[in-house]
Amino acid sequence: MPGSPEEMKLVSNAMSNATRRKIMTLLKDSSMSREDMSKAIGQTMLDYHLQLLQQAGLTEIRGEKLELTDFGRNMLEPRNKKPVEPKKDLLGTKPIEVMEIRQFLPCIADNSKYRIIARMEPPLDGAVKLLEPLFPRARYSENLGVLIIQKGSIIITVYSTGNVTMTMISDTDEAEEILNDLMKSINDAIGKGIKAPPADKARVDHNEIYKYLPGTNCRICGEQSCYSFAIRLMAKETTLNKCTPLHEERYGVNREYLQVLLEYL
Ligand code: SF4
């Protein structure tokens with residue numbers, strides 16, 4: 001699920017606790033009711049542990065049952081497990097039939113917004129990488145085996161396992177509209193076959209980067225102004241972490257945008 005450092009922090013915090021890891025392990029083979037989990041783990045702080053796991057997108061509640069999400073399952077699997085083998089073309093890739101929202105949670109970077117975890121069926125498996133050309137701003141991460149798509153302020157992460165996450169969502173209508181567009185774009189590409197048709201790639205310029213910097217010209221980064229820092233970032237002559245004010249909580253959303261924008265340089 002996580003595409004941003006804030007989300008990664010949430011996941012590592014959730015997984016840093018032995019009780020929470022035990023809950024995940026118990027859910028690995030089958031779903032469980034809350035009562036059965038309480039018998040297995042004990043009642044102490046169970047709600048708290050379940051809440052943290054759910055916030056991190058590692059577990060979910062379906063009906064009366066607790067379940068491990070695909071993402072949670074991936075996180076439990078051995079680190080040396082090979083990522084899914086990327087396909088060479090779209091031949092044989094089945095169109096997506098179902099795209100549904102599974103969880104609707106507060107956004108970590110901005111609590112006036114939401115993040116969602118959705119599920120597509122059938123999963124795209126190794127075809128995910130081939131879809132990168134479809135979107136003006138998209139990057140396939142070889143390490144994570146995920147496609148990260150930027151749409152305005154929204155970051156969409158598509159997993160080969162079928163999970164889709166989105167951050168900075170206003171409401172369910174917006175989430176559903178984006179998911180429908182995503183499904184249509186992917187199915188059109190699968191219908192055309194072989195290779196995904198390339199979209200015009202959006203360019204990033206220093207003005208766009210500057211827009212998300214604090215704009216205080218404090219010079220902590222060693223530059224004369226935020227504007228010169230933006231130019232140096234564009235030229236890859238400095239790094240984002242030199243702007244320490246960006247680590248303040250109020251700039252969390254800006255930092256997240258900038259991290260994604262810099263991927264496109
Ligand atoms: S440290 Fe950040 S806020 Fe300060 S001048 Fe540099 S870019 Fe601007």
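This report describes the ligand site, one loop residue and the aromatic pairs of a predicted model.

The ligand is surrounded by Pro214, Thr216, Asn217, Cys218, Arg219, Ile220, Cys221, Cys226, Phe229, Cys243 and Pro245, and this shell divides into eight nonpolar residues, two polar residues and one charged residue. The space that the ligand takes up is the largest cavity.

Thr238 is located in the loop that runs between helix 8 (226-234) and helix 9 (252-262). Its relative accessibility is 10%, and Thr238 therefore counts as buried, the limit for that class being under 20%. When residues up to four places away in sequence are left aside, Thr238 touches Phe229, Arg232 and Leu233; of these, Phe229 also belongs to the residues around the ligand.

Two aromatic pairs are present in the structure. The rings of Phe104 and Tyr114 have centres 4.7 Å apart and planes at 25°, so this pair is stacked. Phe104 lies in strand 4 (residues 98-106) and Tyr114 in strand 5 (residues 114-121), so that the pair links parts of the chain that are 10 residues apart. Tyr210 and Tyr227, by contrast, form an edge-to-face pair, with 5.2 Å from centre to centre and 75° between the planes. Because Tyr210 lies in helix 7 (residues 206-212) and Tyr227 in helix 8, this pair ties together parts that are 17 residues apart in sequence.

The accessibility of the four paired residues is set out below.

| Residue | Relative accessibility | Class |
|---|---|---|
| Phe104 | 33% | partly exposed |
| Tyr114 | 32% | partly exposed |
| Tyr210 | 32% | partly exposed |
| Tyr227 | 32% | partly exposed |

Definitions and conventions
Residues are numbered from 1 along each chain as its sequence is written. This is a predicted model: local features need pLDDT of at least 70, side-chain atom pairs count only at pLDDT 80 or more; totals for chains, interfaces and linings use all residues. Side-chain values use heavy atoms; hydrogens and water are left out. A residue is near a molecule or strand if one of its heavy atoms lies within 4 Å of it. On a 1 Å grid over the protein atoms alone, a cavity is a set of points where a 1.4 Å probe fits but cannot get out, and a pocket is an open set with protein on both sides within 12 Å along at least five of seven lines; lining residues have an atom within 4 Å of a point. A molecule sits in a cavity or pocket if more than half of its atoms lie within 2 Å of its grid points. Ala, Val, Leu, Ile, Met, Phe, Trp, Tyr, Cys and Pro count as nonpolar, Asp, Glu, Lys and Arg as charged, and the others, Gly among them, as polar. Helices (H or I, at least four residues) and strands (E, at least two) are DSSP runs, numbered from the N terminus. Buried means under 20% relative accessible area, exposed over 50%, partly exposed in between (1.4 Å probe, protein chains only). Contact means heavy atoms within 4.5 Å. Rings of Phe, Tyr and Trp (its six-membered ring) pair if their centres lie within 6.5 Å; planes under 30 degrees apart count as stacked, over 60 as edge-to-face and the rest as tilted.
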